[in-house]
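Here's a protein model to look around in. Have the sequence and the 3D view open together, and take your time finding each spot as it comes up.

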Amino acid sequence: MDEHRAPRKAWLIFALAIAAYAAAVFQRSSLGVGEVAAQHRFGTTAAVLSLFSVLQLAVYAGMQIPVGAILDRVGSRRLIATGATVMGAGQLLLATAHTIPLAVLARVLVGGGDAMTFISVLRLILMWFPSRQVPMLFQVAAILGLIGQLAAAYPLVALLQGVGWSTAFAIAAAVGFTVAITSAVGLRNAPAGAVLHPVPAGVGELATRLGHAWREPGTRLGMWTHFVTQFSGTVFALLWGYPFLVVGERLSKTQAGLLLTLLVAVAMIVAPTLGHITARWPYRRSVSVIAITTATASIWTVVLAWPGRAPLPVLIALVVVLASNGPGSMMGFDYARTENEPERVGSASGIVNVGGFTASLLTIALIGLLLSLQSSGGPTSYTLGDFKVAFSVQYVFWATGLVGVLRTRRRLRAARGLDIDPLHRAIVRRWRGRGAAR
């Protein structure tokens with residue numbers, strides 16, 4: 001492939017890959033927007049349904065490493081088609097289910113199929129496009145995938161209200177099966193003539209390749225980057241942001257919906273900007289990571305420390321900063337790309353993806369636990385104070401993630417013979433000074 005120009009077919013592959021990822025996000029978000037209908041159908045509470053989201057994320061995160069290893073072996077086309085088929089089967093089961101165990105199994109299938117999609121899309125971009133375009137296209141892919149979230153928020157809600165549960169989720173299943181067919185027919189793992197080194201299929205070889213990817217400090221830096229930047233925005237958008245705004249901050253449902261829409265809109269602007277920065281200054285990627293994390297923790301501090309309800313402009317500022325979290329986490333995959341051999345990029349990407357979703361999963365669960373411990377009356381009885389205490393758990397993950405980023409960045413720079421940048425040097429000097437003072 002010409003390193004300066006992508007082949008014409010690359011853009012068709014990119015479009016098909018984005019369609020597959022948007023469909024996966026649609027399937028992932030589908031139960032959340034149908035929460036009220038789900039409570040009636042399964043005769044359960046919102047608290048139990050929130051466990052569905054935790055379980056789905058757990059399956060997604062737990063499958064990332066094995067899926068990454070398999071991706072290096074079989075390629076993107078087969079995994080994307082398989083993932084879409086599995087998600088379609090999960091949605092079809094949900095369309096016919098009337099009991100909690102079947103609904104749980106359905107969401108496990110959706111989470112499993114979803115786990116196969118995103119890193120497969122990233123590998124397609126890596127194989128089809130020149131390296132200088134890859135950081136930007138990684139960001140564009142992640143943002144365009146949010147079309148699926150919008151499709152769940154509007155058309156699927158309209159279907160649930162118009163044709164009912166079974167038909168709406170049967171249509172969602174049909175979307176999955178359609179994507180599976182188009183991916184199997186239209187996608188190609190790499191351009192014709194691309195040199196691909198064979199990857200051994202044995203379990204031992206897969207474990208060895210995973211071990212090599214893990215020992216690479218760039219992979220671990222990518223994982224901690226994903227961990228520290230992604231979770232706050234994901235937790236807010238996926239589950240706890242809407243209740244916080246409506247029940248805690250007493251905004252109207254329309255205002256809360258507009259703020260969540262604003263989050264997506266701002267992310268679409270931030271993503272290409274970060275993609276350009278990543279491509280232009282690859283040795284300063286961690287500076288952006290630290291800046292995003294610091295800004296996120298700072299704006300949350302303002303909101304949580306505000307006496308009483310925060311003013312609307314402050315909540316808008318919160319949403320605008322949170323919009324940088326998803327694009328910021330994509331820099332983790334860029335570390336996996338640049339610091340690993342092509343034959344193990346899938347394994348490295350799987351390790352990176354575990355970081356953010358593990359942090360998101362634990363944060364969602366801990367916020368739910370802290371809310372439950374403070375109030376036994378259900379979601380509508382939570383006070384703003386309850387939410388503020390629960391959301392404070394995020395500081396543990398920001399601190400853990402920043403330590404991970406700084407330590408692995410130091411190791412990567414030492415391994416590459418690079419000097420530690422001035423920001424890191426200043427932080428180290430400050431902490432050493434405090435130690436001497438003690």
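What follows is a short tour of one helix, two cavities and one glutamine in this predicted model.

## Helix H19

Let's begin with H19, the helix made of residues 394–416. Does its length agree with what you'd expect, or disagree? At 1.5 Å a residue, its 23 residues should span 33 Å, and the end C-alpha atoms are indeed 33 Å apart, so the two agree.

Which residues of H19 are buried? Among them are Phe397, Trp398, Val405, Leu406 and Leu412. Don't overlook Arg409 and Arg413, which are on the buried list too, along with Gln394 and Thr408. The glycines Gly401 and Gly404 are also buried. Just after the helix comes Gly417, and here phi turns positive, at about 70°.

## The largest cavity

How many cavities of 30 Å³ or more does the structure hold? There are 2. The largest has about 40 Å³ of space in it.

Its lining is made up of Leu122, Arg123, Leu126, Phe138, Phe333, Arg337, Val345 and Ser349. Three helices each supply at least two of the lining residues: H6 (118–128), H16 (331–338) and H17 (345–374). H6 gives the most, with 3 residues. Sorted by class, this lining has 5 nonpolar, 1 polar and 2 charged residues.

## The second largest cavity

Now move on to the second largest cavity, with about 30 Å³ of space. Around it you'll find Pro135, Phe138, Gln139, Gly275, Thr278, Met330, Met331 and Asp334. Look out for Phe138: it lines this cavity, and it's in the lining of the largest cavity as well.

Which helix gives the most to this lining? That would be H7, with 3 residues. H7 (134–144), H12 (253–280) and H16 each supply at least two residues here. By class, you get 4 nonpolar, 3 polar and 1 charged residues.

## Gln27 on the inside

For the last stop, go to helix H1 (residues 8–33) and find Gln27. Is this residue buried or exposed? Its relative accessible area is 1%, and buried means under 20%, so Gln27 counts as buried.

What does the side chain of Gln27 have for polar company? One of its polar atoms lies 3.0 Å from the backbone oxygen of Ala172. Leaving aside residues up to four places away in sequence, Gln27 touches Met87, Gln91, Arg107, Val110, Ala172, Val175 and Gly176. Ala172, then, turns up both in that polar pair and in the list of residues touched.

Terms used
Residues numbered from 1 in each chain as written. Predicted model: local features only at pLDDT ≥ 70, side-chain atom pairs only at ≥ 80, totals over all residues. Heavy atoms only, no water. Helix = DSSP H or I, 4+ residues; strand = E, 2+ residues; numbered from the N terminus. Expected span 1.5 Å × (residues − 1). Buried < 20%, exposed > 50% of the residue type's maximum accessible area, 1.4 Å probe, protein only. 1 Å grid on protein atoms, 1.4 Å probe; cavity = no way out; pocket = protein on both sides within 12 Å on 5 of 7 lines; lining within 4 Å. Points joined across faces, edges and corners; volume = space filled by probe spheres on them. Nonpolar A, V, L, I, M, F, W, Y, C, P; charged D, E, K, R; others polar. Polar contact = N/O pair within 3.5 Å; in protein donor to acceptor, adjacent residues only side chain to side chain. Contact = heavy atoms within 4.5 Å.
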